[in-house]
Amino acid sequence: MSHSSDLIADDVEGYLKAHEHKDLLLFLTCGSMGDGKSTLISRLLFESKLLFEDPLAATEANSRKYDSQVGEMDLAPQVDGLAAEREQGITIDVVYRFFSTEKRKFIVADTPGHEQFTRNMVTGASTADAAILMVDARHGILTQTHRHSFLMSLMGMRHVVVAINKMDLVDYSKARFDQIVEEYRAFAKQLGLEDITFIPMSALKGDNVIEHSAKMPWYHGTTLLGYLETVELDVEHLQRSPFRMPVQGVNRPNLDFRGVTGMVASGVVRPGDQIRVQPSGKTSIVSRVYTPDGDLDEAVAGQSITLLLEDEIDISCGDVISGIDQPAHTADQFETTLVGMHEAPLLPGRPYLMKLGAQTVSATVTDIKYQVNVNTLEHTAAKKLPLNSIGVCNLSLNRAIAFDAYKDNHDTGGFILIDRMTNNTVGAGMLHFALRRSQNIHMQYVDIDKQARALAKGQKPTVVWFTGLSGAGKSTIANLVEKILFAHGQHTYLLDGDNVRHGLNRDLGFTDADRVENVRRVAETAKLMVDAGLIVMSAFISPFRSERQLARDLLEEGEFMEIFVDAPLDVVEARDPKGLYKKARRGELKNFTGIDSAYEAPEAPDVHLKTSEMDAEEAADAVIAALRERGMIS
């Protein structure tokens, strides 16, 4: 089993060179807490002589201290990196370990079993070629077994080993093994898992891990190591797939060389091949496949290369180069599966950044179709995706991208969503297919545009966005500003928070998800009014910076002015013109901004009005002065 070799002592360079050219298999272990994941990995490391004497001595002492095994040394703490993991005998974080044999190198991800660490398992599964699902022979198929099987199916895992562990504790019973196999096959059929190998074993004692066990003569299948050394790598599968290369950059060191750099995600490319650049659709022919070590006759999945083309077509970072006969798809709206990856929930309507390969675009979850209960596979309604939750959602982008379904190509079908304000990764997703409407809806050209409408009205269209706590004076000041503008012949409209909730947004409540959608609809309405050439006053609490930024981003530079109507909480509570703060304090009004729902104050507003220090008329005059100063009115 060991990767030890005489070359290490006699010819280190020769050993390293031989080791360099071995295949690399990435696999993960998963299963319920206590099923033996860490013990199995430690067994593989122990047999490959990658555990050192001092840690082994400490492990032996800990085994006696915690009574984790009677008469056996518990190897599991060797791969538990956190003190809490070693003390509790569980895995909390994803732990990566390396070992090797004469045939292959391996990286194993030991993933946590509990539901609250779903995102950790998704992280470990995202790059794995295969998975080992641990099942305790005493307990059989559990809820967590179902959960992890669903996640493996979700992540497109093609090769699965069901390691029925602790067979020594059921007297190596063939009947018990067969019972678990039958039960799991029936469940896996619902998920579409097909390539499943069942191995009865004892990770603690080493039965069927490295060598066949004499205690189970009825089992004639492979050992776990035998399986790992022969299972097909994802890269081998990808080499048979259509050609894809996400563009990472354009290399032009001189006038005679213009190459497109990237790593081949799938397929094979050769000089003379016809290619298509997406999403533009431009075509060309490969003239050279260049690497720093010289030109190649062909490049395959996993290789980083530079392609030289016969035509100098427009290509940029984020584009995808495909074979001309089997190109990638292009669209700007999709059905996806999303996994919540951050404590702050993922909200529909909120603008995020989507990163897929080298592409970064603006993205919005337009609809959460349902959330999946990972324990029962039940579909439930949801208005947000909290940490570790999984939902099937519709996603809309600000422009078309090239993609493949995740099940066909993980590199061109997997993505993450990033919070624009904090840069936190809030979601990891898998593209399913393009929505039909993304192909059937197109912008219609019109002759009368925004500039023509603004010219006819003799003004510069803009949005004046008033934000602040309830009772700060937003509606009062916005109303005064509109009266002044109207008196001077300007064409205006006032969108007020309460008024809009009587019509356009009457179906929305006051949860965070509803507040995001409330502001999104208002921002889109304000954009249409700006297109009509109007000066639009918008008076909304709009508590979140992300949505105010969304409203700004919908408009052109100079068409949005943020007004922070600022009054301390004690001042607005004392005013309380609608009696809302009193209701909120009594618990009669939930999700009230400033009491039990957050308000994110603007960090750099265009105008800052401290209404505890000025009256409404002075505040309105300050806004009018700012509009004149910016050239929005004469």
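**Note on helix 6 and selected buried residues**

1. Helix 6 is largely enclosed by the rest of the structure, because six of its eight residues are buried. The model under review is a predicted one. The buried residues of helix 6 are Thr118, Asn120, Met121, Val122, Gly124 and Ala125.

2. Which elements cover the buried residues of helix 6? The cover includes five strands and a helix, namely strand 1 (23-31), strand 2 (95-100), strand 3 (104-110), strand 16 (329-340), strand 20 (390-403) and helix 7.

3. The pairing of helix 6 with helix 7 deserves separate comment. Two packed helices are described by the angle between their axes and the distance between the axes. Here, helix 6 spans residues 118-125 and helix 7 spans residues 143-154. Their axes come within 10 Å and cross at roughly 40°. An angle that is neither under 35 degrees, nor over 145, nor from 65 to 115 counts as oblique, and helix 6 and helix 7 are therefore oblique to each other. The crossing in which helix 6 passes helix 7 is right-handed.

4. Which residues make this contact? Helix 6 contributes Thr118, Met121 and Val122, while helix 7 contributes Arg147, His148, Leu151 and Met152. By character, the residues of the contact comprise four nonpolar, two polar and one charged. Thr118, Met121 and Val122 also stand among the buried residues of helix 6.

5. Thr111 lies in the loop between strand 3 and helix 6. Is Thr111 buried or exposed? Thr111 counts as buried because its relative accessibility is 0%, and the cut-off for that term is under 20%. Thr111 and Ser38 are 73 residues apart in sequence, yet their C-alpha atoms are 9.1 Å apart in space.

6. Leu555 belongs to another loop, between helix 17 (545-553) and strand 26 (560-566). Leu555 has a relative accessible area of 12% and is therefore buried. Once its neighbours within four places in sequence are left aside, Leu555 is in contact with Val463, Lys527, Val530 and Phe560. In sequence, Leu555 and Ala523 are 32 residues apart; in space, the separation is 9.3 Å, C-alpha to C-alpha.

7. The final point concerns cysteine. How many disulfides does the structure hold? The number is zero. Cys30 is buried, because its relative accessible area is 0%. Cys393 likewise counts as buried, at 0% relative accessibility.

Notes. Residues numbered from 1 in each chain as written. Predicted model: local features only at pLDDT ≥ 70, side-chain atom pairs only at ≥ 80, totals over all residues. Heavy atoms only, no water. Axes fitted to C-alpha atoms, helices over the stretch in contact; angles between N-to-C directions. Helix = DSSP H or I, 4+ residues; strand = E, 2+ residues; numbered from the N terminus. Left-handed = near helix turned anticlockwise from the far one by under 90°. Contact = heavy atoms within 4.5 Å. Nonpolar A, V, L, I, M, F, W, Y, C, P; charged D, E, K, R; others polar. Disulfide = S-S within 2.5 Å. Buried < 20%, exposed > 50% of the residue type's maximum accessible area, 1.4 Å probe, protein only.
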